[in-house]
Amino acid sequence: MKVALFVPCYVDQFYPKAAIATLELLEKLGVEVHYPKNQTCCGQPMANSGYEHLTAGCNSLFVDNFSGYDYIVCPSGSCTLHIKEHLHSPEKEEQAVDIRKRVYELTEFLIDVLQVKELKSHFPYKVGLHQSCHGLRGLRISQMSELVAPAFSKPAQLLDMVQGLELVPLSRQDDCCGFGGTFCVVEEAVSSKMGKDRVEDHIEHGAQYITSADLSCLMHMEGILRRQKSDVKVIHVAEILNHSHE
Amino acid sequence: MSNATGKSHPQLAAVFNQDEPRVDWHDETLWWIRQKRDVQAHKLPEWELLRETASQIKNNVLSNLSTYLEQFEANAINNGVIVHWAADAKEHNQIVHQLLQERGINRMVKSKSMLTEECHLNEYLKEQGIDVIDSDLGERIVQLANEPPSHIVLPCIHKKKEEIGDIFHEHLGSAKGESDPKILTETARQHLREVFLTRRAALTGVNFAIAETGEFVICTNEGNADMGAHLAEIHIASMGIEKIIPERKHLGVFLRLLTRSATGQPITTYSSHYKKPQEGTAIHIIIVDNGRSIQLGREDFRNSLKCIRCGACMNTCPVYRKSGGHSYHTAVAGPIGSILAPNLDMKKYADLPFASTLCGSCSNVCPVKIDIHDQLYKWRQVIVKEGYSPASKTIAMKAMAFTLSSPGLYRSGGKMGRLVFKYAPFAVNNGLNPWYKHREMPKAPEESFGEWYSKRKEGKQ
Amino acid sequence: MSREKILAAVKKNQFTSTALPDLEILSALTATSDNLVQQYTGVASAGGCFVYEVNDLEAIKDILRKEFKPGVKIISGIQGLDEYTYASNVMQESSHSFADAELTILASNLGVAENGALWLTENQMNIRILPFISQHLAVVIGKDAFVPTMAQAYAQIGNADYGYGAFISGPSKTADIEQSLVIGAHGPRSLSVFILI
């Protein structure tokens with residue numbers, strides 16, 4: 001299978017290690033990974049701010065970069081969801097529709113497509129799993145607490161395969177971290193408070209690392225942790241799953 | 001309540017967040033109610049089917065609303081009830097006033113109706129010299145405090161018992177410093193009992209109006225709607241056009257969902273079905289539009305009219321919990337309020353659809369499956385298109401779109417940004433940068449993933 | 001006229017009709033032969049009711065004699081409970097005249113196990129204000145009168161033509177003051193349920 005790696009713009013610029021880990025992990029699992037080098041951004045920051053009508057350029061570029069692959073894998077729930085729900089390109093609509101079916105967030109790709117049952121990774125720490133909202137309620141990579149339905153979690157399933165890792169329980173398993181795109185600056189007071197409370201939940205339960213399938217959430221929580229001069233670190237799920245993996 | 005201060009949600013929320021322990025208290029209280037709702041929902045394995053059924057019933061109602069409204073009216077009239085129609089808030093208020101004036105009544109008791117909040121009925125009647133007393137305990141408290149309710153089901157969820165004690169001491173004669181809820185409730189009971197026994201007119205809301213039979217249902221825990229209505233000569237019931245449900249048996253779906261979603265109780269103490277007036281008394285129903293027919297015509301937003309006013313979306317919304325209902329400066333706050341209000345006044349409420357992270361929790365607790373978070377996203381597009389977004393934001397977004405449509409610009413822009421972070425951190429680490437108020441900026445790595453990948457590729461070659 | 005204006009606006013903005021869902025599935029899913037009296041008792045008690053299983057009306061009188069002082073105004077809607085003022089005899093009096101009622105006892109023929117609700121119509125209340133204005137309320141119901149959920153309850157009510165009816169699931173209550181549950185808001189301070197077994 002031909003797999004393209006879709007690296008969110010802010011991951012590319014500020015958290016390349018997560019993208020590197022994603023690439024390495026997929027290759028270790030035997031996947032042929034291509035990186036379309038002219039990719040930029042999925043357009044979500046503009047669309048979520050009400051400027052979806054400005055995303056035509058981004059969309060067109062996305063279609064050009066990602067056509068012709070069996071799967072497109074992305075280490076971000078929110079970017080994946082955005083493409084799945086909002087990728088349109090008037091002149092290339094057929095390709096856009098096709099891409100929407102093929103785009104996967106990393107953990108759902110590992111569980112649903114590669115059907116990973118074991119990992120050779122090693123991460124002997126206490127880890128808190130933050131269920132990012134778009135991945136959770138949008139992509140359904142885990143069961144949300146609002147629904148009366150059987151529990152499951154693809155990220156947790158994968159983290160369970162990692163040696164030495166202990167997932168800590170949380171008081172609120174899927175409360176939002178408060179990043180929300182431009183919300184984080186437009187509604188700064190509420191956003192910081194939401195992030196502060198999320199971080200506290202993890203700290204109270206002894207997490208040494210906070211992980212998530214979404215770096216936007218982690219970036220926001222990391223900002224708060226570092227301001228508090230906390231020892232707790234954030235780390236993307238890909239980096240844990242790739243950790244010390246042969 | 002109209003936004004007298006002209007402040008927006010972010011500004012009001014920032015003020016609310018100045019008192020962090022209070023925010024924690026407000027947040028924890030509402031989260032507790034969300035959890036009670038979860039407990040009740042999980043007792044019913046058929047819960048999701050119930051939601052889907054209720055959603056489909058309401059879809060059917062909205063798609064046949066004119067027929068159902070006429071059916072409801074005909075049946076109500078047949079039952080001896082008088083039906084009025086009000087195109088807007090002003091007309092609704094005028095009808096209420098006229099009904100009271102005709103009977104020489106200048107004092108009225110009211111039980112909870114968010115519609116009358118929306119219409120600012122109390123203020124209007126006060127100007128006409130009519131005294132209105134709200135009989136729902138929470139509403140009476142905010143009335144005495146001269147505030148609007150902050151939550152559609154829990155009107156004074158934002159008030160602490162000591163504050164309520166002070167209000168009662170000032171207005172109802174309870175002892176100074178008394179804050180025991182039992183004693184305060186008893187005080188209110190005595191005070192309001194006297195009101196019920198002396199008012200010739202009672203106004204209530206309507207939870208559900210049944211087209212098939214012309215009856216309507218009111219749900220309360222306190223019994224205040226019934227105390228008022230059964231002791232009055234005239235019972236006025238105000239309802240929005242969307243309160244219709246087709247058949248009586250559909251109550252078997254909605255009454256199973258409403259209170260479980262709202263307060264985590266299996267049902268309210270009283271679910272009262274009013275069909276015919278008591279002998280010697282009159283029931284008048286006022287059917288109100290006030291922008292609802294316009295919302296019905298908005299394809300993307302008409303589903304918001306399915307709302308049964310349970311408040312579950314408010315209880316679960318992290319932004320509502322941490323900013324309080326008053327931050328929304330509108331009668332119905334929270335997620336549902338944010339998709340209803342822009343229809344009424346897009347300019348005044350342009351800030352509300354942005355008071356959300358689009359986390360989606362609301363849509364998934366909504367008993368009638370309104371796609372609230374999707375509508376919040378769609379309202380953002382409409383508000384920007386209609387020109388209610390700040391010019392500075394538009395410029396920034398256009399610049400961003402331009403940069404991100406060009407791989408070359410994106411790469412050099414990104415590199416530039418990282419250089420700024422590395423060599424001139426003061427450019428971003430300052431008071432002008434809202435991110436920086438409570439958070440450190442992310443560290444800038446040496447190279448982007450793109451740059452690393454290129455190097456690796458070259459290395460391979 | 002506003003009526004025509006509103007109906008026209010609604011009609012114009014309506015869209016393709018969608019069908020009503022079938023309620024039979026829900027009804028079937030919730031039908032059960034489990035011990036309904038037991039389930040009802042658990043839920044009603046949790047909601048603040050006092051639930052008694054009694055053999056006959058005499059047993060009810062015994063309990064009421066213990067719970068209520070002699071001389072207080074007790075109105076009964078049940079003919080067999082004749083110690084008290086019989087509601088149909090005083091129906092012509094104004095609603096206001098019952099402001100001093102200490103206890104009202106009424107009969108119900110339909111109880112809902114899932115939520116502790118009892119259905120009473122105006123006929124059973126005699127006067128609409130009675131079950132609200134009275135300081136305490138008691139309801140007598142037969143052990144076979146319970147259904148599992150509201151779905152079955154409305155099936156039983158059918159298209160009965162009442163002027164007024166109410167599901168009553170407990171004493172009046174409020175949690176408006178800091179979510180502290182207080183029993184006895186504006187309606188009765190207690191609800192006693194006598195299940196005739």
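This passage walks through how the three chains meet, and then looks at domains and sheets within them. The model is a predicted one.

Start with who touches whom. Of the 2 pairs of chains that touch, chains B and C make the most contacts. Chain A and chain C are not joined by any contact, and their closest C-alpha atoms sit 16 Å apart. Chain B, on the other hand, has 77 residues in contact with 71 residues of chain A.

The contact between chains C and B draws on 70 residues from chain C and 95 residues from chain B. Together the two chains bury about 6,800 Å², with 59% of that on carbon and sulfur atoms. On the chain C side, the residues that lose the most area to chain B are C:Asp176, C:Ile177 and C:His186, which together make up 12% of what that side buries. Polar chemistry shows up here too: 6 salt bridges cross this interface, and 43 residue pairs are in polar contact across it. Several elements of chain C each put at least two residues into the side that touches chain B, among them helix 2 (24–30), strand 6 (117–121), helix 7 (150–157) and strand 9 (164–168). The top contributor to that side is helix 1 of chain C, with 9 residues. Sorted by class, the same side of chain C holds 34 nonpolar, 25 polar and 11 charged residues. For a salt bridge to look up in the structure, try B:Glu186 and C:Arg189, whose side chains meet at 2.8 Å, N to O.

Strands also pair across this interface. Strand 9 (residues 270–274) of chain B runs antiparallel to strand 9 of chain C, and 5 bridges link the two. Within that pairing, B:Ser271 stands opposite C:Phe167.

Now for the other interface. Chain B and chain A bury about 6,500 Å² between them, and carbon and sulfur atoms give 59% of this area. In chain B, the residues losing the most area to chain A are B:Tyr410, B:Arg439 and B:Phe449, together 12% of what that side buries. The salt-bridge count between chains B and A is 9, and 36 residue pairs make polar contacts across the interface. Helix 2 (residues 20–42) of chain B gives the most to the side of chain B that touches chain A, namely 11 residues. That side breaks down into 35 nonpolar, 19 polar and 23 charged residues. One charged pair to check is B:Arg321 with A:Asp175, a salt bridge of 2.7 Å, N to O.

Chain B itself is assigned three domains: domain 1 (1–43 + 299–389), domain 2 (45–140 + 197–290) and domain 3 (394–460). The centres of domain 2 and domain 3 of chain B, taken over C-alpha atoms, are 56 Å apart.

Chain A is assigned domain 1 (2–113) and domain 2 (126–241), and their centres, again over C-alpha atoms, are separated by 22 Å. Here 25 residues of domain 1 are in contact with 22 residues of domain 2. The two domains of chain A bury about 2,000 Å² between them, 69% of it on carbon and sulfur atoms. A:Tyr15, A:Thr107 and A:Ile111 supply 28% of the area domain 1 buries against domain 2, more than any other three residues. There are 8 residue pairs in polar contact between these domains, along with 1 salt bridge, in which the side chains of A:Lys154 and A:Asp112 meet at 2.6 Å, N to O. Helix 7 of chain A provides the largest share of the domain 1 side, 6 residues. By class, the domain 1 side has 11 nonpolar, 9 polar and 5 charged residues.

Back in domain-level detail, strand 1 (residues 2–5) of chain A runs parallel to strand 2 (residues 32–34), with 3 bridges between them, and parallel to strand 3 (residues 71–74), also through 3 bridges. A:Val3 stands opposite A:Val33 in strand 2 of chain A, while its bridge partner in strand 3 is A:Tyr71.

Chain C has an open sheet of 6 strands in the order 1-12-7-4-2-3, with parallel pairing. Strand 1 (50–54) and strand 3 (85–86) of chain C are at the edges with a single partner strand each, so one side of each has no neighbour in the sheet. Strand 1 of chain C is joined to strand 12 (residues 190–196) by 5 bridges, and C:Val51 has C:Val193 as its bridge partner there.

Key
Residues numbered from 1 in each chain as written. Chains lettered and ligands numbered in written order. Predicted model: local features only at pLDDT ≥ 70, side-chain atom pairs only at ≥ 80, totals over all residues. Heavy atoms only, no water. Contact = heavy atoms within 4.5 Å. Buried area = accessible area lost by both parts, 1.4 Å probe. Salt bridge = Lys/Arg side-chain N within 4 Å of Asp/Glu carboxyl O. Polar contact = N/O pair within 3.5 Å; in protein donor to acceptor, adjacent residues only side chain to side chain. Helix = DSSP H or I, 4+ residues; strand = E, 2+ residues; numbered from the N terminus. Nonpolar A, V, L, I, M, F, W, Y, C, P; charged D, E, K, R; others polar. Pairing = 2+ DSSP bridges. Domains from an automatic or database assignment.
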